[in-house]
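Colleague: I'd like to learn how to read a model like this one. Could you walk me through a few features, one at a time?

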Amino acid sequence: MKKFNTTGPCIPKKHYMVDMSKQLDDIRRLVLEGAYFTVNRARQYGKTTLLAALARLLEQECIVVSLDFQKFSESCFEEENSFCRAFAAEFYEEAKHAVADTYLKKLDDLEKDIHLDLRILFRRLMGFCAESQKPVVLIIDEADSATNNQVFLDFLAQLRSGYLDRELKHREAFQSVILAGVYDVRNMKRKIRPNEEHRVNSPWNIAADFDVDLSFTIDGIAQMLLSYEKDYATGMDRLKMAGYLYDYTSGYPFLVSRLCLLMDEKVSRMEGITSKKEAWTPAGFQEAVRMILAEKSPLFDSMTGKLEEYRDLDKMLRTLLFTGKNIAYNPDDEAVGMAVMFGFVKVQEGYAVIANRIFETRLYNRYLAAGEVQSTGIYKAALLDKNKLFIQNGHLNMERVLERFVQHFEDLYGDRDEAFYEDII
């Protein structure tokens, strides 16, 4: 039986997956047109799974060489020779599985060349492209892990030079180059040398626009659930469940898969639940939502880390959540740009809005649990209000809620000097 997967890339034979055929066809079209481009999406957005599927799709037409810069040690990026030798070794290992070529063997010797530099490396790589019977496509995953190194910028410059020579001088080069990661290497601010100002400095200005939407659609989620239903016959209302999943995640791939996994493997085994059928219900879905909001995961740990590292980003999200102010999307606003890049917000009708309900609730929980909020009189009063029996006989007592609202409103605008929390962010 297949499973829902949230750890590592998804494999069609092993995992329930949303059909991304249309997106793959759009990317294939870019590749065959000879485009060089970046695939920048937030953490756990399915980039690695997508690139693996793209490589399988292209293998009949092209030689696809897929590298992962996370496999390179930090020392590989310290100076040019170590990077070139590591790159040549990885390129050879990946390419030899796709093609048996005499010229390719020349790359194998480069790993031992203590005089190897980018100029020589690219001369060999372009020679391989010229000798190849099929167009060569280079895919580099986690490319942004190397962006704070001068040797990486020099590497990009060589890719750019090969692209321009292909267009202007009709020389052989890679058919397409795809750089994947969270950060966009075209406009990332980075510090290359000690005592140097942070600045935008990237030769990757040849990259084509990549506008392919990688989020899951309601129809795509429903089709994935159909595959699950064929195995387990829970009798769920697939379209309604797909709607729930999309409403809470806005199609964020990891969140969709995680909620499905929780219903399948956790909710279905809860006390009082006797079958998977009971898990795939509105009540089971809400239980999965409670679980995902309470658990630690690399995605939420990454979110916390980014908020602690980028204080302007943290302040912008607080403002968005607690003041109700509209924040217009401005690509030159660094905090807004980072929030979009990290997947925390999306652009809707020209304004930045929190990307999905799961992120929104998780962020609210984070901020409301912060020490500065807990120490306010308003927060302490709210805790006392929990004992006021707002819920009676399973129903919300709106009269009592309104009574307490009026009381707190008077407290806020009376003689007290405590302001709304959102006004003192």
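Modeller: Sure, and let's start with one pair of residues: Val345 stands opposite Ile354 in E9. Keep in mind that this is a predicted model.

Colleague: Which strands make up the sheet, and in what order?

Modeller: The general idea is that strands of a sheet pair through backbone hydrogen bonds, either parallel or antiparallel. Here three strands form an open sheet, ordered E7-E9-E8, with antiparallel pairing. E7 (327-328) and E8 (345-348) are at the edges with a single partner strand each, so one side of each has no neighbour in the sheet. Four bridges join E8 to E9, while two join E7 to E9 (residues 351-354). One contact point to look up is Ile327, whose bridge partner in E9 is Ala352.

Colleague: What is the phi of Glu349, in the hairpin of E8 and E9?

Modeller: As background, most residues other than glycine have a negative phi, and most peptide bonds are trans. Glu349 has a positive phi of about 55° although it is not a glycine. The hairpin of E8 and E9 has two residues between the strands, and Glu349 is in that loop between E8 and E9. With 77% relative accessibility, Glu349 counts as exposed.

Colleague: Where does Gln44 lie, and is Gln44 buried or exposed, or something in between?

Modeller: Gln44 lies in the loop between E1 and H2. Its phi is also positive, near 55°, in a residue other than glycine. Gln44 is partly exposed, at a relative accessible area of 27%.

Colleague: Arg41 caught my eye too. Which side chain of opposite charge is nearest to Arg41, and how far away is it?

Modeller: In general, side chains of opposite charge can pair when their charged atoms come close. Arg41 is buried yet has no salt bridge: the nearest side chain of opposite charge is Asp213, 6.0 Å away. A salt bridge needs a nitrogen and a carboxyl oxygen within 4 Å. The Arg41 side chain does reach the backbone oxygen of Val212, at 2.6 Å. Arg41 is found in the loop between strand E1 (36-40) and helix H2 (47-58). Setting aside neighbours within four places in sequence, its contacts include Phe210, Leu214 and Met341.

Colleague: How many salt bridges does the structure hold?

Modeller: The structure holds 15 salt bridges. Take Lys3 and Glu265, with closest N and O atoms 3.9 Å apart. That pair links distant parts of the chain, 262 residues apart: Lys3 in the segment before helix H1 (21-32) and Glu265 in helix H9 (residues 253-266). Lys3 is partly exposed at 45%, whereas Glu265 counts as buried at 17%.

Colleague: What about Glu287 and Arg290: how far apart are they in sequence?

Modeller: Glu287 and Arg290 both lie in helix H11 (residues 282-294), three residues apart, about one turn of the helix. Their closest N and O atoms are 2.8 Å apart, making a salt bridge. Salt bridges that share partners also join Lys22, Asp26 and Arg29 into one network.

Colleague: Last one: how many disulfides does a search of the whole structure find?

Modeller: Zero. Two cysteines to look at are Cys10, buried at 16% relative accessibility, and Cys62, buried at 3%. For the overall view, the protein chain has 18 helices and eleven strands, and 47% of its 425 residues count as buried.

Key:
Residues are numbered from 1 along each chain as its sequence is written. This is a predicted model: local features need pLDDT of at least 70, side-chain atom pairs count only at pLDDT 80 or more; totals for chains, interfaces and linings use all residues. Side-chain values use heavy atoms; hydrogens and water are left out. Buried means under 20% relative accessible area, exposed over 50%, partly exposed in between (1.4 Å probe, protein chains only). Lys and Arg count as positive and Asp and Glu as negative; His and the chain ends are not counted. A polar contact is a pair of N or O atoms within 3.5 Å; within protein, one must be able to donate a hydrogen and the other to accept it, and residues adjacent in sequence count only if both atoms are side-chain atoms. Contact means heavy atoms within 4.5 Å. A disulfide is a pair of cysteine sulfur atoms within 2.5 Å. Two strands pair if DSSP finds at least two bridges between them.
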